[in-house]
Amino acid sequence: MKRTLSVFLTAALALSLLAGCGPKTPAGTSSSAPGTSSSQPEDSSQPGSSSQPGDTSAASGPTPRLMVLSGPTGVGAAKLMANADDGFPSAIVEVVTDNTQVQTALANKDVDIAAIATNAAAALYAKTDGGIQVLAVNTLGVLYILEKGDTVHSIADLAGKTLYAPSNTKGANPEHILNHLLEGNGVDPSEVNIEWLTPQEITVKMTSSDAGLCMLPIPAATALLVKDSGIREAISLSDAWEDLEDSPLPMGCVVARTEYIKENPQEVEAFLAAYEKSIDYISDPANSADASALVAQYEFAPNTKVAEKAIPQCSLTFITGPEMKAMLEDYYTILFQVEPKSIGGGLPFDSFYYGVG
(Lines give C-alpha, C1' and ligand atoms only; values in the text may rest on other atoms or scores of the structure.)
Protein backbone atom coordinates (compact mmCIF):
# COMPACT_ATOMS: atom_id res chain seq x y z
CA MET A 1 0.00 0.00 0.00
CA LYS A 2 2.10 2.78 -1.26
CA ARG A 3 1.46 6.40 -0.91
CA THR A 4 4.85 11.04 -1.18
CA LEU A 5 4.08 14.99 -0.23
CA SER A 6 4.89 18.41 -1.21
CA VAL A 7 5.91 20.92 1.34
CA PHE A 8 6.83 24.58 1.36
CA LEU A 9 10.11 24.91 3.24
CA THR A 10 9.52 27.88 5.52
CA ALA A 11 12.01 26.98 8.19
CA ALA A 12 15.71 27.52 7.58
CA LEU A 13 17.32 24.24 6.62
CA ALA A 14 20.95 23.52 7.42
CA LEU A 15 21.03 20.52 8.52
CA SER A 16 -0.17 1.94 22.46
CA LEU A 17 -0.09 2.52 24.79
CA LEU A 18 -3.51 4.05 25.34
CA ALA A 19 -4.22 5.53 28.76
CA GLY A 20 -4.14 2.76 31.33
CA CYS A 21 -2.36 0.23 29.08
CA GLY A 22 1.20 -1.05 29.06
CA PRO A 23 3.29 -2.50 26.23
CA LYS A 24 2.58 -6.06 25.17
CA THR A 25 4.97 -8.77 26.22
CA PRO A 26 5.69 -11.59 23.74
CA ALA A 27 4.41 -14.97 24.84
CA GLY A 28 6.81 -16.85 27.07
CA THR A 29 8.73 -13.75 28.15
CA SER A 30 8.55 -11.31 31.03
CA SER A 31 8.17 -7.59 30.47
CA SER A 32 10.73 -5.10 31.70
CA ALA A 33 9.91 -1.48 32.46
CA PRO A 34 9.85 0.90 29.53
CA GLY A 35 13.11 2.76 29.01
CA THR A 36 14.70 5.32 26.82
CA SER A 37 14.79 4.43 23.17
CA SER A 38 17.98 3.68 21.34
CA SER A 39 18.35 5.38 18.01
CA GLN A 40 18.98 4.56 14.42
CA PRO A 41 22.19 6.27 13.35
CA GLU A 42 22.01 9.14 10.97
CA ASP A 43 24.91 10.97 9.42
CA SER A 44 25.77 13.13 12.42
CA SER A 45 28.16 15.18 10.35
CA GLN A 46 25.21 16.89 8.64
CA PRO A 47 24.34 20.38 9.92
CA GLY A 48 20.96 20.97 11.54
CA SER A 49 18.26 23.46 10.78
CA SER A 50 18.43 26.82 12.44
CA SER A 51 14.65 26.91 12.94
CA GLN A 52 13.12 25.96 16.27
CA PRO A 53 10.50 23.19 16.42
CA GLY A 54 8.46 25.16 18.92
CA ASP A 55 8.03 28.12 16.58
CA THR A 56 4.41 27.80 15.49
CA SER A 57 3.88 31.36 14.28
CA ALA A 58 3.47 30.16 10.68
CA ALA A 59 1.62 26.97 11.58
CA SER A 60 -1.85 28.17 12.51
CA GLY A 61 -4.82 25.93 11.76
CA PRO A 62 -4.18 22.54 10.19
CA THR A 63 -0.78 23.50 8.74
CA PRO A 64 1.43 20.55 9.73
CA ARG A 65 4.80 20.87 11.37
CA LEU A 66 7.11 18.24 9.89
CA MET A 67 10.49 17.08 11.24
CA VAL A 68 12.85 14.74 9.38
CA LEU A 69 16.25 13.26 10.09
CA SER A 70 19.29 14.35 8.12
CA GLY A 71 20.26 10.82 7.08
CA PRO A 72 18.49 8.19 4.97
CA THR A 73 15.26 8.36 6.99
CA GLY A 74 14.76 11.90 5.68
CA VAL A 75 15.92 11.44 2.08
CA GLY A 76 12.50 10.44 0.76
CA ALA A 77 11.06 13.84 1.75
CA ALA A 78 13.40 15.85 -0.51
CA LYS A 79 10.97 16.17 -3.43
CA LEU A 80 8.14 16.93 -1.05
CA MET A 81 10.19 19.76 0.41
CA ALA A 82 10.80 21.24 -3.03
CA ASN A 83 7.14 21.44 -4.08
CA ALA A 84 4.36 23.63 -2.74
CA ASP A 85 1.41 22.60 -4.91
CA ASP A 86 1.11 18.84 -4.63
CA GLY A 87 -2.24 18.55 -2.93
CA PHE A 88 -1.02 18.99 0.63
CA PRO A 89 -1.00 22.18 2.76
CA SER A 90 2.25 24.07 3.13
CA ALA A 91 4.21 22.90 6.14
CA ILE A 92 6.90 24.09 8.46
CA VAL A 93 9.81 21.68 7.98
CA GLU A 94 12.84 21.12 10.16
CA VAL A 95 15.81 18.82 9.54
CA VAL A 96 17.62 17.51 12.63
CA THR A 97 20.42 15.05 13.26
CA ASP A 98 19.25 12.80 16.08
CA ASN A 99 16.23 10.68 16.97
CA THR A 100 16.12 12.14 20.49
CA GLN A 101 15.40 15.57 19.00
CA VAL A 102 12.46 14.11 17.12
CA GLN A 103 11.18 12.24 20.16
CA THR A 104 11.34 15.37 22.31
CA ALA A 105 9.57 17.51 19.72
CA LEU A 106 6.76 14.97 19.33
CA ALA A 107 6.37 14.48 23.08
CA ASN A 108 6.22 18.26 23.59
CA LYS A 109 3.72 18.64 20.71
CA ASP A 110 6.15 20.92 18.88
CA VAL A 111 5.79 18.91 15.65
CA ASP A 112 2.89 16.96 14.17
CA ILE A 113 4.47 14.49 11.74
CA ALA A 114 8.03 13.17 11.77
CA ALA A 115 10.44 10.66 10.25
CA ILE A 116 12.15 8.61 12.95
CA ALA A 117 13.86 5.28 13.62
CA THR A 118 11.38 2.41 14.02
CA ASN A 119 12.61 1.40 17.46
CA ALA A 120 12.57 5.02 18.65
CA ALA A 121 8.95 5.28 17.49
CA ALA A 122 7.94 2.23 19.55
CA ALA A 123 9.74 3.54 22.62
CA LEU A 124 8.07 6.96 22.32
CA TYR A 125 4.66 5.30 21.93
CA ALA A 126 5.25 3.57 25.27
CA LYS A 127 6.66 6.68 26.95
CA THR A 128 3.72 8.88 25.88
CA ASP A 129 0.99 6.32 26.57
CA GLY A 130 -0.03 6.06 22.94
CA GLY A 131 0.72 9.67 22.04
CA ILE A 132 1.92 8.76 18.54
CA GLN A 133 0.99 6.34 15.77
CA VAL A 134 3.19 4.96 13.01
CA LEU A 135 1.89 5.92 9.56
CA ALA A 136 4.32 4.05 7.30
CA VAL A 137 7.67 2.33 7.06
CA ASN A 138 9.81 4.57 4.85
CA THR A 139 13.31 3.09 5.08
CA LEU A 140 14.66 -0.45 5.19
CA GLY A 141 18.20 -1.39 6.20
CA VAL A 142 20.96 1.17 5.61
CA LEU A 143 23.89 -0.27 7.60
CA TYR A 144 27.08 -1.53 5.96
CA ILE A 145 30.37 -3.07 6.98
CA LEU A 146 33.16 -1.48 4.93
CA GLU A 147 36.68 -2.86 4.65
CA LYS A 148 40.00 -1.61 3.47
CA GLY A 149 41.36 -5.01 2.58
CA ASP A 150 39.82 -8.31 1.53
CA THR A 151 39.42 -10.50 4.60
CA VAL A 152 35.73 -10.10 5.48
CA HIS A 153 32.98 -11.52 3.27
CA SER A 154 30.44 -12.71 5.84
CA ILE A 155 29.33 -11.92 9.39
CA ALA A 156 31.28 -14.93 10.66
CA ASP A 157 34.48 -13.37 9.30
CA LEU A 158 34.20 -10.56 11.86
CA ALA A 159 35.33 -12.87 14.67
CA GLY A 160 38.65 -11.71 16.08
CA LYS A 161 38.58 -8.42 14.15
CA THR A 162 38.58 -4.78 15.25
CA LEU A 163 35.56 -2.84 13.99
CA TYR A 164 35.17 0.95 14.06
CA ALA A 165 31.60 2.07 14.76
CA PRO A 166 29.95 5.46 15.30
CA SER A 167 29.94 6.37 18.99
CA ASN A 168 26.30 7.49 18.80
CA THR A 169 25.29 3.90 18.02
CA LYS A 170 26.80 2.42 21.20
CA GLY A 171 23.92 0.87 23.14
CA ALA A 172 21.58 1.82 20.30
CA ASN A 173 19.71 -0.01 17.58
CA PRO A 174 22.68 -0.66 15.22
CA GLU A 175 24.62 -2.32 18.03
CA HIS A 176 21.62 -4.53 18.82
CA ILE A 177 21.29 -5.43 15.13
CA LEU A 178 24.99 -6.25 14.85
CA ASN A 179 25.00 -8.37 18.02
CA HIS A 180 21.94 -10.30 16.85
CA LEU A 181 23.58 -10.99 13.50
CA LEU A 182 26.84 -12.08 15.17
CA GLU A 183 25.07 -14.50 17.50
CA GLY A 184 22.91 -15.79 14.66
CA ASN A 185 26.06 -16.59 12.70
CA GLY A 186 27.82 -18.36 15.57
CA VAL A 187 29.99 -15.45 16.72
CA ASP A 188 30.04 -14.27 20.33
CA PRO A 189 29.86 -10.43 20.22
CA SER A 190 32.75 -10.33 22.69
CA GLU A 191 34.94 -11.81 19.93
CA VAL A 192 34.65 -8.55 17.98
CA ASN A 193 36.64 -5.59 19.30
CA ILE A 194 34.48 -2.52 18.64
CA GLU A 195 36.11 0.91 18.82
CA TRP A 196 33.47 3.62 19.24
CA LEU A 197 34.52 6.71 17.30
CA THR A 198 32.99 9.79 15.70
CA PRO A 199 32.30 9.56 11.94
CA GLN A 200 35.22 11.92 11.36
CA GLU A 201 37.55 9.70 13.39
CA ILE A 202 36.37 6.65 11.48
CA THR A 203 37.12 8.41 8.19
CA VAL A 204 40.65 9.25 9.34
CA LYS A 205 41.28 5.71 10.59
CA MET A 206 40.05 4.13 7.38
CA THR A 207 41.73 6.48 4.91
CA SER A 208 45.10 6.80 6.66
CA SER A 209 45.86 3.09 7.04
CA ASP A 210 46.36 0.11 4.77
CA ALA A 211 43.65 -1.97 6.43
CA GLY A 212 40.56 -1.44 8.51
CA LEU A 213 36.92 -2.31 9.15
CA CYS A 214 34.01 -0.04 10.02
CA MET A 215 30.22 -0.06 10.34
CA LEU A 216 28.44 2.99 8.90
CA PRO A 217 24.98 3.94 7.64
CA ILE A 218 24.18 5.45 4.27
CA PRO A 219 25.09 8.17 3.23
CA ALA A 220 28.15 8.27 5.52
CA ALA A 221 29.21 4.89 4.13
CA THR A 222 28.76 6.17 0.58
CA ALA A 223 30.85 9.27 1.29
CA LEU A 224 33.70 7.12 2.60
CA LEU A 225 33.58 4.83 -0.46
CA VAL A 226 33.75 7.90 -2.72
CA LYS A 227 36.60 9.38 -0.71
CA ASP A 228 38.87 6.31 -0.80
CA SER A 229 38.71 3.87 -3.72
CA GLY A 230 40.67 1.33 -1.65
CA ILE A 231 37.66 0.83 0.63
CA ARG A 232 34.99 -1.66 -0.40
CA GLU A 233 31.54 -2.71 0.73
CA ALA A 234 32.17 -5.95 2.61
CA ILE A 235 28.72 -6.75 4.07
CA SER A 236 25.25 -5.30 3.76
CA LEU A 237 23.68 -5.81 7.17
CA SER A 238 20.29 -5.68 5.44
CA ASP A 239 21.22 -8.69 3.32
CA ALA A 240 22.67 -10.47 6.37
CA TRP A 241 19.44 -9.80 8.29
CA GLU A 242 17.26 -11.17 5.50
CA ASP A 243 19.48 -14.25 5.23
CA LEU A 244 19.11 -14.88 8.96
CA GLU A 245 15.48 -13.88 9.54
CA ASP A 246 13.93 -14.27 6.08
CA SER A 247 12.33 -10.84 6.57
CA PRO A 248 13.25 -7.21 5.79
CA LEU A 249 15.03 -4.90 8.22
CA PRO A 250 12.68 -1.91 8.73
CA MET A 251 14.82 0.86 10.20
CA GLY A 252 12.92 4.07 9.46
CA CYS A 253 9.28 5.16 9.64
CA VAL A 254 6.96 8.14 9.59
CA VAL A 255 4.83 8.86 12.65
CA ALA A 256 2.28 11.45 13.71
CA ARG A 257 0.87 12.59 17.01
CA THR A 258 -2.31 10.67 17.78
CA GLU A 259 -4.11 13.90 18.68
CA TYR A 260 -3.16 15.48 15.35
CA ILE A 261 -4.39 12.42 13.45
CA LYS A 262 -7.77 12.55 15.19
CA GLU A 263 -8.19 16.28 14.62
CA ASN A 264 -6.88 16.37 11.04
CA PRO A 265 -7.71 13.07 9.30
CA GLN A 266 -7.88 14.61 5.81
CA GLU A 267 -4.53 16.34 6.20
CA VAL A 268 -2.94 13.05 7.30
CA GLU A 269 -4.31 11.24 4.26
CA ALA A 270 -3.14 14.09 2.00
CA PHE A 271 0.30 13.86 3.59
CA LEU A 272 0.50 10.12 3.00
CA ALA A 273 -0.50 10.46 -0.65
CA ALA A 274 1.96 13.28 -1.27
CA TYR A 275 4.79 11.63 0.69
CA GLU A 276 4.45 8.45 -1.33
CA LYS A 277 4.85 10.46 -4.53
CA SER A 278 7.97 12.09 -3.10
CA ILE A 279 9.55 8.73 -2.28
CA ASP A 280 8.62 7.36 -5.71
CA TYR A 281 10.18 10.38 -7.40
CA ILE A 282 13.43 10.28 -5.43
CA SER A 283 13.73 6.50 -5.93
CA ASP A 284 13.11 6.53 -9.70
CA PRO A 285 16.44 6.19 -11.60
CA ALA A 286 14.94 8.34 -14.36
CA ASN A 287 15.01 11.28 -11.91
CA SER A 288 18.54 10.61 -10.68
CA ALA A 289 20.05 13.99 -11.56
CA ASP A 290 17.25 16.09 -10.09
CA ALA A 291 16.80 13.83 -7.06
CA SER A 292 20.53 13.95 -6.30
CA ALA A 293 20.50 17.74 -6.53
CA LEU A 294 17.55 17.94 -4.11
CA VAL A 295 19.10 15.51 -1.62
CA ALA A 296 22.30 17.56 -1.66
CA GLN A 297 20.39 20.87 -1.55
CA TYR A 298 18.65 19.91 1.68
CA GLU A 299 21.95 18.51 3.03
CA PHE A 300 20.86 14.91 3.40
CA ALA A 301 24.16 14.19 1.62
CA PRO A 302 27.31 16.36 1.41
CA ASN A 303 27.18 16.80 -2.37
CA THR A 304 25.41 15.58 -5.51
CA LYS A 305 28.05 12.96 -6.30
CA VAL A 306 27.56 11.26 -2.94
CA ALA A 307 23.78 11.72 -3.19
CA GLU A 308 23.64 10.02 -6.59
CA LYS A 309 25.45 6.97 -5.28
CA ALA A 310 23.65 6.95 -1.91
CA ILE A 311 20.02 7.17 -3.04
CA PRO A 312 19.84 3.60 -4.44
CA GLN A 313 21.31 2.34 -1.15
CA CYS A 314 18.91 4.27 1.09
CA SER A 315 16.36 1.44 0.79
CA LEU A 316 13.49 3.91 0.40
CA THR A 317 10.06 2.31 0.59
CA PHE A 318 6.50 3.11 1.59
CA ILE A 319 4.65 0.38 3.43
CA THR A 320 1.40 0.96 5.31
CA GLY A 321 -1.49 -0.91 6.91
CA PRO A 322 -1.39 -4.64 7.73
CA GLU A 323 1.85 -5.20 5.81
CA MET A 324 3.54 -2.46 7.86
CA LYS A 325 2.20 -3.92 11.09
CA ALA A 326 3.37 -7.46 10.29
CA MET A 327 6.84 -6.26 9.30
CA LEU A 328 7.30 -4.10 12.40
CA GLU A 329 5.96 -6.69 14.81
CA ASP A 330 8.47 -9.24 13.51
CA TYR A 331 11.26 -6.71 13.97
CA TYR A 332 10.11 -5.55 17.40
CA THR A 333 9.83 -9.14 18.63
CA ILE A 334 13.51 -9.66 17.83
CA LEU A 335 14.54 -6.35 19.42
CA PHE A 336 12.55 -7.24 22.53
CA GLN A 337 14.57 -10.43 22.85
CA VAL A 338 17.85 -8.56 22.34
CA GLU A 339 17.13 -5.44 24.42
CA PRO A 340 13.56 -4.74 25.63
CA LYS A 341 14.29 -1.12 26.52
CA SER A 342 15.17 -0.36 22.89
CA ILE A 343 11.43 -0.49 22.04
CA GLY A 344 10.03 0.81 25.33
CA GLY A 345 9.87 -2.42 27.30
CA GLY A 346 7.31 -4.37 25.28
CA LEU A 347 5.58 -4.77 21.94
CA PRO A 348 3.26 -1.89 20.96
CA PHE A 349 -0.48 -2.52 20.93
CA ASP A 350 -2.51 -2.53 17.71
CA SER A 351 -3.45 1.11 18.32
CA PHE A 352 0.14 2.03 17.45
CA TYR A 353 -0.42 1.08 13.80
CA TYR A 354 -2.32 3.67 11.76
CA GLY A 355 -4.99 2.25 9.49
CA VAL A 356 -5.03 -1.16 11.15
CA GLY A 357 -8.03 -2.45 13.06
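This is a short talk on helix packing, aromatic pairs and a few backbone oddities in one structure.

Okay, hi everyone. One thing before we start: what you see above is a predicted model. I'll go through the helices, then the rings, then some loops.

Let's start with helix packing. Two packed helices are described by the angle between their axes and the distance between the axes. So how do helix 5 and helix 8 do on those two counts? Helix 5 covers residues 173-184 and helix 8 covers residues 237-245; their axes come within 10 Å and cross at roughly 50°. That angle is neither under 35 degrees nor in the 65 to 115 range, and the two helices are therefore oblique to each other. As for handedness, helix 5 passes helix 8 in a left-handed crossing.

Who's actually touching whom here? On the helix 5 side you've got Ile177, His180, Leu181 and Gly184, and they meet Leu237, Ala240, Trp241, Leu244 and Glu245 of helix 8. Sort the residues of that contact by class and you get 6 nonpolar, 2 polar and 1 charged. Keep Trp241 of helix 8 in mind, we'll come back to that residue.

Now the other pair, helix 3 and helix 4. Helix 3 is residues 99-107, helix 4 is residues 118-127, and here the axes come within 11 Å and cross at roughly 30°. With the cut-off for roughly parallel being under 35 degrees, that makes helix 3 roughly parallel to helix 4. This crossing is right-handed. Helix 3 brings Asn99, Gln103, Leu106 and Ala107 to the contact, and helix 4 brings Ala120, Ala123 and Leu124. The class split for helix 3 with helix 4 is 5 nonpolar, 2 polar and no charged residues.

Right, on to the aromatics. How many aromatic pairs does a search of the whole structure find? The count is 7. I'll show you two.

Number one is tryptophan 241 with tyrosine 331, and the pair is edge-to-face, with 5.7 Å centre to centre and 70° between the planes. Tryptophan 241 sits in helix 8 and tyrosine 331 in helix 13, residues 321-338, so the pair ties together parts that are 90 residues apart in sequence. Buried or exposed, for tryptophan 241? Buried, at a relative accessible area of 1%. Tyrosine 331 also counts as buried, at 2% relative accessibility.

The other pair is phenylalanine 271 with tyrosine 275, and this one is stacked: 5.3 Å centre to centre and 15° between the planes. Both residues lie in helix 10, residues 265-283, and they are 4 residues apart, about one turn of the helix. Phenylalanine 271 and tyrosine 275 are both buried.

Going back to tryptophan 241, there's a cluster to look at. Tyr125, Trp241, Tyr331, Tyr332, Phe352 and Tyr353 form one aromatic cluster. And Trp241 turns up again from the loop side: serine 247, leaving aside its neighbours within four places in sequence, is in contact with Trp241 and Glu242. Serine 247 itself is in the loop between helix 8 and strand 10, which is 252-257. This serine 247 is buried too, at 13% relative accessible area.

Next, backbone geometry. As background, most residues other than glycine have a negative phi, and most peptide bonds are trans. Which two residues does the cis peptide bond join? Isoleucine 218 and proline 219, with omega about 5°. Proline 219 is in the loop between strand 8, 212-217, and helix 7, 220-227.

Then we have a couple of positive phi values. Aspartate 129, not a glycine, has phi near 55°. You'll find aspartate 129 in the loop between helix 4 and strand 4, 132-139, and at 43% relative accessibility it counts as partly exposed. Glutamate 299 has a positive phi as well, about 60°. That glutamate 299 is in the loop between helix 11, 288-297, and helix 12, 304-310, and is partly exposed with a relative accessible area of 26%.

Last stop: lysine 227, in helix 7. Lysine 227 is exposed, at 57% relative accessible area. Not counting residues up to four places away in sequence, lysine 227 touches Thr203 and Thr207. And its C-alpha atom is separated by 9.5 Å from that of valine 306, 79 residues apart along the chain.

That's my tour, thanks.

How values were computed. Residues are numbered from 1 along each chain as its sequence is written. This is a predicted model: local features need pLDDT of at least 70, side-chain atom pairs count only at pLDDT 80 or more; totals for chains, interfaces and linings use all residues. Side-chain values use heavy atoms; hydrogens and water are left out. Axes are lines fitted to C-alpha atoms, for helices over the stretch in contact, and angles run from 0 to 180 degrees between N-to-C directions. Angles under 35 degrees count as roughly parallel, over 145 as roughly antiparallel, 65 to 115 as roughly perpendicular and the rest as oblique. A crossing is left-handed if the near helix is turned anticlockwise from the far one by less than a right angle, and right-handed if clockwise. Contact means heavy atoms within 4.5 Å. Ala, Val, Leu, Ile, Met, Phe, Trp, Tyr, Cys and Pro count as nonpolar, Asp, Glu, Lys and Arg as charged, and the others, Gly among them, as polar. Rings of Phe, Tyr and Trp (its six-membered ring) pair if their centres lie within 6.5 Å; planes under 30 degrees apart count as stacked, over 60 as edge-to-face and the rest as tilted. Buried means under 20% relative accessible area, exposed over 50%, partly exposed in between (1.4 Å probe, protein chains only).
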